[in-house]
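Please look over the sequence and the model shown here before reading on. The report is meant to be read beside them, one region at a time.

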Amino acid sequence: MLTDPFGRTIDYLRISVTDRCDLRCTYCLPKGFKGFSIPKEWLTIEELGRVAAAFARLGTKRFRLTGGEPLLRNGLADLAAEINRQPGVEDISLTTNGTQLEKHAHALRQAGVRRLNISLDSLRRDCVTNITGSDCLPQVLDGIKTAKEVGFERIKINMVPLKGVNDMDLDEMVAFCMEHGFILNLIEAMPMGTTGQAHAKVSLQPVLEDLRQKFNLIPFAGKIGGGPARYWQSKNNGFTLGLITPMSQHFCATCNRVRLSATGNIHLCLGQEDKAPLRDLLRDNCTDAELDQAIHDAIAMKPEKHEFVENPKKIIRVMALTGG
């Protein structure tokens, strides 16, 4: 097992397959941003699979495919199938904005992806266009419909409440998730990059109290997935709410994950700059033992916590370049 200097077991790897995205969400990418890496700098699908296999050898049980927008990367289903073949892997999931999901959902499910997180910040078409820079709500809803039809084990809707932008849409989003049997994940915006730092923050603590009263929510004692969300359920089990609160109630003490960027860097914390490069090692035809040691050395550098509250201007790296 991989254990960091603070005694935390690292058993969850988030793999970014591209830093490109077909949307420009206002809390993620600056308008007109052109600082993407070029495709030859990305790890190949085979190299990504090799890193995943190494993490699996070292005890990692959960893998999430992310971006940018991962469905823009050719060979994604092949990568999922390769991860699914590794001994000890218990869960493969995917985070997507949903725009390409309708045409890829079946192949992903066949390849072993079990769960989906789909970003959707409103059900109002004009609001989605304002946030994403694209009139994409119809195709996202079509993708969600197809994903439900092909039988993913669990679908979560990720919503980032933004003050005065979409925070008035919470009740409607709850109703939508209730109707379709989805989990609603609410995520506090983080001060990553100039875009993330520009938004007025919405603490989810008062939001939770409001939703608890409206929908008779009680704490859920079980675990749903390997991420940091805390969950509440309606008393009739008809609705589940997840909260990810890096700002108002951080979860650093139980952090169990690291991120692999599309360019081969292991990012050890969203709110710190610590990283370990693997691409050159892979392209120098390293042995499995050398790759395993590099991963162990990386985990030994994992910091204790982020500093989003204490130092909100620190991270100028945009989220898409880190991996979701």
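What follows describes strand pairing, one buried acidic residue, some backbone details and the salt bridges of this model.

## Strands and crossovers

The model is predicted, and the description begins with three strands. Strand β1, residues 12-16, pairs with strand β2 in the parallel sense, and five bridges join them; within this pairing, Arg14 stands opposite Arg64 of β2. Between the two strands the chain passes through helix α1, residues 45-57, and the resulting β-α-β crossover from β1 to β2 is right-handed.

On to the next pairing: β2 and strand β3, residues 91-96, also run in the parallel sense, with four bridges between them, and Ser93 of β3 is the bridge partner of Arg64. The connection from β2 to β3 goes through helix α2, residues 76-84, and this β-α-β crossover is likewise right-handed. Arg64 therefore has a place in both descriptions, because β2, defined as a DSSP run, holds the residue that stands opposite Arg14 and is the bridge partner of Ser93. Strand β2, which spans residues 62-66, is mostly covered, with four of its five residues buried.

## The loop after β2

The loop between β2 and α2 contains Gly68 and also Glu69. A cis peptide bond, with omega at about 15 degrees, joins Gly67 to Gly68, which can be set against the general pattern that most peptide bonds are trans.

How is buried Glu69 placed with respect to side chains of opposite charge? Glu69 has no salt bridge although it is buried, and Lys103, the nearest side chain of opposite charge, is 10 Å away. Since a salt bridge requires a nitrogen of Lys or Arg within 4 Å of a carboxyl oxygen, that separation is too long to count as one. A polar atom of the Glu69 side chain does, however, lie 2.7 Å from the backbone nitrogen of Asn97. Leaving aside residues up to four places away in sequence, Glu69 touches Thr18, Arg20, Cys21, Asp22, Thr96, Asn97 and Gly98.

## Other loop positions

Two asparagines have a positive phi, whereas in general most residues other than glycine have a negative phi. Asn216, with phi near 55 degrees, lies in the loop between α8, residues 204-215, and β7, residues 217-219; its relative accessible area of 45% makes Asn216 partly exposed. Asn285, with phi near 60 degrees, is found in the loop between α9, residues 279-283, and α10, residues 288-299, and is exposed, with a relative accessible area of 68%.

Gly151 belongs to the loop between α5, residues 137-150, and β5, residues 154-159. Its relative accessibility is 38%, so Gly151 counts as partly exposed. Although Gly151 and Ala105 are 46 residues apart in sequence, their C-alpha atoms are 9.4 Å apart in space.

## Salt bridges

In general, side chains of opposite charge can pair when their charged atoms come close. The structure holds 16 salt bridges, and several of them are described here. One of these joins the side chains of Asp4 and Arg8, with an N to O distance of 2.5 Å; both Asp4 and Arg8 are buried.

What does the salt bridge between Asp91 and Arg115 tie together? The closest N and O atoms of Asp91 and Arg115 are 2.6 Å apart. Asp91 lies in strand β3 and Arg115 in strand β4, residues 115-119, so the pair ties together parts that are 24 residues apart in sequence. Asp91 is buried, with a relative accessible area of 6%, and Arg115 is buried too, at 5%.

A salt bridge within one helix is formed by Lys214 and Asp210, whose closest N and O atoms are 3.2 Å apart. Because the two residues are four apart in helix α8, about one helical turn separates Lys214 from Asp210. Lys214 is partly exposed, with a relative accessible area of 44%, and Asp210 is partly exposed as well, at 36%. Elsewhere, salt bridges link Arg50, Arg57, Asp288 and Asp292 in a network.

Notes:
Residues are numbered from 1 along each chain as its sequence is written. This is a predicted model: local features need pLDDT of at least 70, side-chain atom pairs count only at pLDDT 80 or more; totals for chains, interfaces and linings use all residues. Side-chain values use heavy atoms; hydrogens and water are left out. Buried means under 20% relative accessible area, exposed over 50%, partly exposed in between (1.4 Å probe, protein chains only). Two strands pair if DSSP finds at least two bridges between them. A crossover is right-handed if, with the strands pointing away from the viewer, the path from the first strand over the helix to the second runs clockwise. Lys and Arg count as positive and Asp and Glu as negative; His and the chain ends are not counted. A polar contact is a pair of N or O atoms within 3.5 Å; within protein, one must be able to donate a hydrogen and the other to accept it, and residues adjacent in sequence count only if both atoms are side-chain atoms. Contact means heavy atoms within 4.5 Å.
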